[in-house]
Amino acid sequence: MTDPTKGYLNFVLYTEPQRGAVTSSLNAVLEIEAQQTVTPHFQEWLNRLVRCEPNAMHCTLVDSAKIPALFHPCVTEDKASPSAIDGSGCLCRRTFYDPEFGLPVVGEHFKHAGTGGTDQWSYTTYTPLELRPDDVFSRFYTGRGLFWARTDKGVLSLLPQRNALGYEIGYNGGGPHALAAYLTQVATSDGQHTTAGAQYEDAHPAILAWTQSKAADRGTNELSLSDLQAMMAS
């Protein structure tokens, strides 16, 4: 684990050497598809990422057989890249880190050979377990199946999430319950308690009704801390 005084960096690695399995046991893995990258919040987050050389943390975000591709240049940088397909196509990986939370990000390129075909990036990362020390939760956003928090200092973050407690909206199930429980927690604590992993039964009925509703699943939704508290008071 990292320095325990910096809770947002806590990270526990889980391995099964006999199976070649290496992953996080606490932080949730978030796979962001190309169609989800068009939202303004994703673009804001992407623009702050810092490109870096691959390290061991990046290797935990890809299948073992794909680890070598982390070290291959994109075909747009080197036409002789081992990740090039039929000359101008590409299946490379690109590695970054989030300077606000220290977590790794892997971009996966899918580019058809020739012109006019698909040319897109998808991304895989770990979610933080909580916001940074002394940060206060201020605002919640959701759009295209992604969930974000804005701090009182204006910093955008992927919503803190625990492994196996994924968030969803728009139906009666575990995902909306997990999201409602987390939003209830931050609303009850005036944005102070941002650690992921709130219990389902702690979800406030009004917030749960919103996360389960079809209205929450349309377009991009935004709720301030005061909006969440007003839901609970109504």
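**Salt bridges and nonpolar cores in a predicted model**

Asp152 counts as partly exposed, because its relative accessibility is 46% (buried means under 20% relative accessible area, exposed over 50%, and partly exposed in between, with a 1.4 Å probe and protein chains only). The structure is a predicted model, in which local features need pLDDT of at least 70 and side-chain atom pairs count only at pLDDT 80 or more, while totals for chains, interfaces and linings use all residues. Residues are numbered from 1 along each chain as its sequence is written, and side-chain values use heavy atoms, with hydrogens and water left out.

Asp152 forms a salt bridge with Lys153, with 3.9 Å between the closest N and O atoms (a salt bridge is a side-chain nitrogen of Lys or Arg within 4 Å of a carboxyl oxygen of Asp or Glu). Lys153 is exposed, at 51% relative accessible area. Both residues belong to a network of salt bridges that also links Glu100, Arg132 and Asp135. In total, 10 salt bridges are found in the structure.

Glu77 is a helpful residue to look at next. Its salt bridge with Arg51 brings the closest N and O atoms to 2.8 Å. This pair links distant parts of the chain, 26 residues apart: Glu77 lies in the loop between helix 2 (56-59) and strand 5 (84-85), and Arg51 in strand 4 (residues 50-51) (helices, H or I of at least four residues, and strands, E of at least two, are DSSP runs numbered from the N terminus). Glu77 also forms a salt bridge with Arg94, at 3.5 Å between the closest N and O atoms. Here the partners are 17 residues apart, with Arg94 in strand 7. Arg94 is buried, at 18% relative accessible area, whereas Glu77 is partly exposed at 45%.

Turning to the interior, the largest nonpolar core has 34 residues, and Phe137, Phe140 and Leu159 are among those with the most contacts inside it (such a core is a set of buried Ala, Val, Leu, Ile, Met, Phe, Trp, Tyr and Cys residues joined through side-chain atoms within 4.5 Å). Helix 3 gives the most to this core, with 8 residues. A second, separate core of 19 residues includes Leu30, Ile32, Leu49 and Leu158.

In helix 5, the buried residues are Leu225, Leu228 and Met231. They line one face of the helix, because they fall within an arc of 120 degrees when seen down its axis (the arc is that of the directions from the helix axis to the C-beta atoms).
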